[in-house]
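Let's take a walk through this model together, one strand and one side chain at a time. Keep the viewer open as you read.

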Amino acid sequence: QVQLVESGGGLVQAGGSLRLSCAASGSIFSINNMGWYRQAPGKQRELVAGITRGGNTNYADSVKGRFTISRDNAKRAVYLDLNSLKPEDTAVYYCNADPDPIRGWPGRYWGQGTQVTVSS
C-alpha cells in the first residue's frame, strides 16, 4: 500500500501563489507516475498535472504556464507550484499516483486532498 499526504493549501488572493506538497510513504518503489487532480464544487475531478519518475511533465491547458509540477524522488515527494492564481482555480487538490500503464489516469492511490481558495 501507498499513502499520500498533501499539504500547502490555503486562501490566497487572485494573482498570488501557493506551493502544494505531497509526501509518499509505503510501498512506493514501483511507482513511476505521479500527479495532481483538482475538484471544484459541482464539477468533475480533473487532472491538473502529471510527472514521470524521470521528470517528464504534462499539464491541463487551463494551467499551462502558471502551474509547475516537480518531484524529489529521494524525499518521496511531489510538488505543485501554483502561480498567477485565478478564482476559477479554487478547488480541492488531490495527489494521485500509479496510473495503469494501459488505462492511464487516474492512479490507484489518492491523498486526502487540500483546499485551495482564490479570492477575487
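## Strands, rings and charges

Start with a single pairing: Asp 72 stands opposite Ala 77 of strand β8. Keep in mind that we're looking at a predicted model. The two strands behind that pairing are β7 and β8, the latter covering residues 77-82, and they run antiparallel with 6 bridges between them.

Now zoom out a little. β7 and β8 belong to an open sheet of 4 strands, ordered β1-β3-β8-β7, with antiparallel pairing. At the edges you'll find β1 (2-7) and β7 (67-72), each of which pairs on one side only. If you look along the sheet, neighbouring strands are turned against each other by 15° on average, direction ignored.

A salt bridge also shows up in this sheet. Asp 81 and Arg 19 make one, with their closest N and O atoms 2.8 Å apart. Since Asp 81 is in strand β8 and Arg 19 is in strand β3 (residues 18-26), the pair ties together parts that are 62 residues apart in sequence. Is Arg 19 buried or exposed? Neither label fits, because its relative accessible area is 42%, so Arg 19 is partly exposed.

Next, move over to strand β4, residues 34-39. Most of β4 is covered, with 5 of its 6 residues buried. It has antiparallel company in strand β5 (residues 46-51), to which it is joined over 5 bridges. One spot to check is Tyr 37, which stands opposite Leu 47 in β5. The hairpin made by β4 and β5 has 6 residues between the strands, and there Gly 42 takes a positive phi near 75°. β4 also pairs with strand β9 (residues 91-97), again antiparallel, through 6 bridges. Within that pairing, Trp 36 has Cys 95 of β9 as its bridge partner.

Stay on Tyr 37 and switch on the aromatic side chains. Across the whole structure, a search turns up 3 aromatic pairs. In one of them, Tyr 37 meets Trp 110 edge-to-face, at 5.0 Å centre to centre and with 65° between the planes. The two residues come from distant parts of the chain: Tyr 37 sits in strand β4 and Trp 110 in strand β10 (residues 109-110), 73 residues apart. How covered are these two rings' residues? Tyr 37 has a relative accessible area of 7%, so it is buried, while Trp 110, at 31%, counts as partly exposed.

Trp 110 has a second aromatic partner in Tyr 94. Why is that pair called edge-to-face? The ring centres of Tyr 94 and Trp 110 are 6.1 Å apart and the planes stand at 90°, and an angle over 60 degrees counts as edge-to-face. Because Tyr 94 lies in strand β9 and Trp 110 in strand β10, this pair ties together parts 16 residues apart in sequence. Tyr 94 has a relative accessible area of 14%, so it too ends up buried. Put the rings together and you have one aromatic cluster, formed by Tyr 37, Tyr 94, Trp 105 and Trp 110.

Which residue brings a charge to these rings? Arg 45 does: its charged end sits over the ring of Tyr 94, 3.8 Å from the ring centre. Arg 45 also lies over the face of Trp 110, at 4.6 Å from that ring centre.

Finish with the remaining charged pairs. How many salt bridges does a search of the whole structure find? The count is 7. One of them joins Asp 89 to Arg 38, with the closest N and O atoms 2.9 Å apart. Asp 89 sits in the loop between β8 and β9 and Arg 38 in strand β4, so here the pair ties together parts 51 residues apart in sequence. Both Asp 89 and Arg 38 are buried.

Another salt bridge brings together the side chains of Asp 100 and Arg 103, at 3.7 Å from N to O. Asp 100 counts as partly exposed at 26% relative accessibility, whereas Arg 103 is exposed, with a relative accessible area of 70%. Elsewhere, salt bridges with shared partners connect Arg 38, Glu 46, Arg 66 and Asp 89 into one network.

Methods: Residues numbered from 1 in each chain as written. Predicted model: local features only at pLDDT ≥ 70, side-chain atom pairs only at ≥ 80, totals over all residues. Heavy atoms only, no water. Pairing = 2+ DSSP bridges. Axes fitted to C-alpha atoms, helices over the stretch in contact; angles between N-to-C directions. Buried < 20%, exposed > 50% of the residue type's maximum accessible area, 1.4 Å probe, protein only. Phe/Tyr/Trp six-rings, centres within 6.5 Å; stacked < 30°, edge-to-face > 60°. Lys NZ or Arg CZ within 6 Å of the ring centre and 35° of its normal. Salt bridge = Lys/Arg side-chain N within 4 Å of Asp/Glu carboxyl O.
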